[in-house]
Amino acid sequence: MSENYGEIVIAEYGHPQVEKPEGREPLGVLFWICVGWIGLNLIGAIFANVLPLENPLYENFTAINAAPSLHHLFGTDEIGRDIFSRVVYGSRISISAGVGSMVIGFGIGAPLGMLTAYRRGHFDTIITTVMYTLLAFPAIVATIAVLSFWVPRDLFKIIVVIGIASIPIIYRIIRAATLSVASRDFIIAAKVQGASDRRILFKELLPNVAPILVSFLIIGIATVVTLEGALAFLGLSVNPPTPSWGNMINEARSVMAQNPWLVIFPSLALCLFLLCLNFIGDRLRTHFDVAEVKI
Amino acid sequence: MSDSASKLLVVNDLTTTFATLGGPLTAVGNVSFDLSKNETLGIVGESGSGKTVLSRTIMGLQPRRNVTVSGSVLLNGQEIVGASEKAKRKLWGTEVAMVFQDPMTSLNPVMRVGKQIDETLRVRLGMSRADARARAIELLELVGIPSPERRYDAFPGALSGGMRQRVVIATALACSPKLLLADEPTTGLDVTIQAQILNLLDELKERLHMSVILVTHDLGVVATRTSKIVVMYAGRIVEMGSTREVFTNHRMPYTRALLDSSPKITNPSHTRLTTIPGRPPNLLNLTNGCSFAPRCAYATDRCRKERPELTPAGEPGHLFACWNPLMSNREVGVS
């Protein structure tokens, strides 16, 4: 067979496009530094009670408002609690709020968005109308309102409320991403090869939507960590003395003049975490985009 | 036409109507034709003449809403019009497969090309991973892709347009369909690659004993590769017959106009191409008359008021719809 196409072989080989090197440009050192920092944060959050840390609630009255030292890496607060330990324990609350609510948001919003974009029809019309109606409602106000009245507040309730509030936005983004893929010929091609709907959703659509999904998930987590900080600042996060980055900053506000370390360290932790997360999300998005543009 | 057993595809009085905001739009109207085994049929027409809707209706691919299909499409004795998705899914791939217009969008950009072929093999034919891979490489070789083992692992983005269309064809052939529907398979390709792809389709048809429907707007494409031609205008068949007959003894002025508007090698250089005046009609406000009448040089009052039905011409199987047909070359004594 192939000998019939001898001349084509030459022609096609001569084409500069054919021998494109496999793989994409590397993600860069900065990307991996960010991944390392996030990894470190996660390890701290997960293993906080196994690590050799002081009890974050222990009030050591012999060291009040101490400056950073070898004994207390980040110093102590106005009632002698170790700030380093509180920052690490605080990451637990902040990160679980971010990850947990995004698990809820994406767990519901993403499959729904993909399904409606693929199936279309009345189902799509109804769900989309509902979601857009919810979107028109200011999510922050709703979150604050619900959290103000749903007492006693705990991490679980915060995760549920933010998670639900994020569904419409996630739904809209994933639906739009899926729509742009679902109308392409290869979906019809898969269909007329006899692929089932489930197969098309998982094997054809999902890999095409995945880059957007992953990068948005990461940026979503960063957003919720900020949101938790903002809620804590308003006194709507977990109740003290449990530390979270947000409520540490909030509590430190009043003693900022005497002990600025109290504000600096949790703010720095929050800031670096967000910076790294956003950078990773952004880098991943452009990284996957390169491959998309060439096709 | 008497032995319907030898007919692979029988389309009878097929009408596809879309419900639009402007009212019902008949994209395909009262289309009937048939196709024997191992035969190639060309469907020709301008953009918007209903070729693509016709081929998708034959596949049984319609949007879920706002569309009504009447008539019948019998594929190997099985009715497609009104069949359930599940029933159609059984036919797709094994009985009928489709090659799409644009190879840039008809392959999944994030799946290796080999995988796109052997997915089908594994799902539809229940092949093992290794068997499917071997068969996929065989198919890639069959469609003339050099070093298929290496191309198996390539992403579509790494292949040129012609190569991608070959992969699309290989995917369509995976389950050895009896009918291959090629909807403008070469429109997105360079002219040199076009000929290669068309020759490939022709050769595969012979080797695999398939029937092929070639949908195109380019008469040059169908001239040497089809045995029958259907000419469509505004969703209806205006002339059909054996390729030879349609090219030499066409009776419908539209067919003549289409033929005249393709460049000929015998023309002196810098000859202006003949074009058909006017534009295809808006399918939403068709008159009762012949839809070509507004653009036709031979149109009379009757053409504008009454729609001509398909009537037999000299040769069996040659039909045309026209009140003022052109003289057959046989009648005028040319040939």
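What follows is a short chat about helix packing in chain A and a sheet in chain B.

Biologist: Before we start, what kind of model is this?

Modeller: This is a predicted model, in which local features need pLDDT of at least 70, side-chain atom pairs count only at pLDDT 80 or more, and totals for chains, interfaces and linings use all residues. Residues are numbered from 1 along each chain as its sequence is written, while chains are lettered from A and ligands numbered from 1 in the order in which they are written.

Biologist: At what angle do α2(A) and α3(A) pack?

Modeller: Helix α2 (residues 29-46) of chain A packs against α3(A) at about 100°, with the axes 8 Å apart; helices here are DSSP runs of H or I with at least four residues, and strands are E runs of at least two, numbered from the N terminus. Axes are lines fitted to C-alpha atoms, for helices over the stretch in contact, and angles run from 0 to 180 degrees between N-to-C directions. That makes α2(A) roughly perpendicular to α3(A) (65 to 115 degrees).

Biologist: And which residues of α2(A) make the contact?

Modeller: Asn41(A), Leu42(A), Gly44(A) and Ala45(A) do, meeting Val88(A), Ser91(A), Arg92(A) and Ile95(A) of α3(A), where contact requires C-beta atoms, placed from the backbone, within 7 Å.

Biologist: Switching to chain B, what is the strand order in the open sheet?

Modeller: The eight strands run β6-β7-β8-β3-β9-β10-β12-β11, with mixed pairing, and two strands pair if DSSP finds at least two bridges between them.

Biologist: How many bridges join β3 to β8 there?

Modeller: Five bridges join these parallel strands of chain B, and Leu41(B) stands opposite Ile213(B) in β8(B).

Terms used. Parallel < 35°, antiparallel > 145°, perpendicular 65-115°, else oblique. Contact = placed C-beta atoms within 7 Å.
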